[in-house]
Amino acid sequence: LTHVLAIRDNYADILFTLYIDSYDLKVFVELIRIYILMQDRKKIKSIVDKYKQSVCAITYIEIDDLIKSINTIQNENKRLISLGLLLEFFGYYFSDEQFAAQIEYYLQYAFTWCTDDKKIINNGYYILETIKVNLRRIDNQKVAEIIVCFLDNNIRRYYREVMDVVYYLDFSAVYKDYQMKIKII
């Protein structure tokens, strides 16, 4: 198992070197795919920040290939973290249909996670970061419902991140009763 993981890391290093030499979009997408499957947020962020010209060249076709790769992950928790990373860094490159389907699945996971007594606590960060980055494309009422779910279930560890999401929330698109629940905090 150690050797398999080492080979995966070496493969990512080789892809990075190939990309630096060629700036080929296919190599870039493969590199992003490997990092998403590895769930290496720091490397994804550094590559996206440094090579924006390749990020801007990504289309819904490449996004579809990345989604298919993520769907092959057997562990549901890892699959949803990988999907969150894809949505976080490339959410605005999805087609409308892709985004609607994936965000619906992701938000359903967020509600389930929020109410689960045996949740993996660290996933709250991925959920809130993904929502914050894609807030302009998500139905703000559903986001308000997730925020209230965090508050109702006393998930205090993420109140700072919850407040970051609330700061960008469009309250004109949120029902009055949810507005009141959020403003009480």
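**Exercise 1. Which helix is leucine 5 found in, and is leucine 5 buried, exposed or partly exposed?**

Before starting, note that this is a predicted model, where local features need pLDDT of at least 70, side-chain atom pairs count only at pLDDT 80 or more, and totals for chains, interfaces and linings use all residues. Residues are numbered from 1 along each chain as its sequence is written, and side-chain values use heavy atoms, with hydrogens and water left out.

Step 1: Leucine 5 sits in helix α1, residues 2-22 (helices are DSSP runs of H or I, at least four residues, numbered from the N terminus).

Step 2: The relative accessible area of leucine 5 is 36%. Buried means under 20%, exposed over 50% and partly exposed in between, with a 1.4 Å probe and protein chains only, so leucine 5 counts as partly exposed.

**Exercise 2. Describe the lining of the largest pocket.**

Step 1: A pocket here is an open set of points on a 1 Å grid over the protein atoms alone, with protein on both sides within 12 Å along at least five of seven lines; lining residues have an atom within 4 Å of a point.

Step 2: The lining has 13 residues, and Glu76, Tyr109, Thr112, Trp113 and Asp116 lie nearest the centre.

Step 3: Both α6 (76-90) and α7 (96-115) supply at least two lining residues, but α7 gives the most, with 6.

**Exercise 3. Which residues line the second largest pocket?**

Step 1: Go through the lining in sequence order: Arg8, Leu37, Met38, Gln39, Ile73 and Lys78.

Step 2: Sort them by type, and you get 3 nonpolar, 1 polar and 2 charged.

How values were computed:
On a 1 Å grid over the protein atoms alone, a cavity is a set of points where a 1.4 Å probe fits but cannot get out, and a pocket is an open set with protein on both sides within 12 Å along at least five of seven lines; lining residues have an atom within 4 Å of a point. Ala, Val, Leu, Ile, Met, Phe, Trp, Tyr, Cys and Pro count as nonpolar, Asp, Glu, Lys and Arg as charged, and the others, Gly among them, as polar.
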